[in-house]
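Here's a quick walk through one protein, question by question. Have a look at it first.

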Amino acid sequence: MITLTENAAAVMNVTLSRAKQEGFRIAVEPGGCAGYKYLVGLESAQRQGDTVIETDGVKVFVDATSLPHVNGMTIDFVMGPESSGFVFDNPNAQEKCTCGKSFG
């Protein structure tokens, strides 16, 4: 299960509405400074083997390979003076890089 904060769900709903897409895809692939990196993008449809998580009207698609890495994760959206974006609180991450976009 992936949890979206109120801020993340609001940003995702606005983005989906404007882009006319069905949901967001959350994936993990090797890379980044800590071993794995997150990929987040718009998705037009569910793919075979996807787990679909729906929260506050937002569909999040996760492939079977990525699911064990992100299960239990909370996604937030923060706005700051220097940067804005999604923040991942992942209980499966044993280590995190300082940018917050990769984990190990």
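**Helix and sheet**

Author: In α1, the buried residues are Ala8, Ala9, Met12 and Leu16; buried means under 20% relative accessible area, exposed over 50%, and partly exposed in between (1.4 Å probe, protein chains only). Helices (H or I, at least four residues) and strands (E, at least two) are DSSP runs, numbered from the N terminus. This is a predicted model, where local features need pLDDT of at least 70, side-chain atom pairs count only at pLDDT 80 or more, and totals for chains, interfaces and linings use all residues. Residues are numbered from 1 along each chain as its sequence is written, and side-chain values use heavy atoms, with hydrogens and water left out.

Reader: Within what arc do the buried residues of α1 fall, seen down its axis?

Author: An α-helix has 3.6 residues a turn, so residues three or four places apart point the same way. The buried residues of α1 line one face of the helix, because the directions from the axis to their C-beta atoms fall within an arc of 95°.

Reader: And which residues are exposed on the other side of α1?

Author: That side is where we leave the buried set behind. On it, the exposed residues are Glu6, Ser17 and Arg18.

Reader: Which strands stand at the edges of the open sheet of three strands?

Author: The order is β1-β6-β7, with mixed pairing; two strands pair if DSSP finds at least two bridges between them. Each edge strand has a single partner, so one side of each is left without a neighbour in the sheet, and these strands are β1 and β7.
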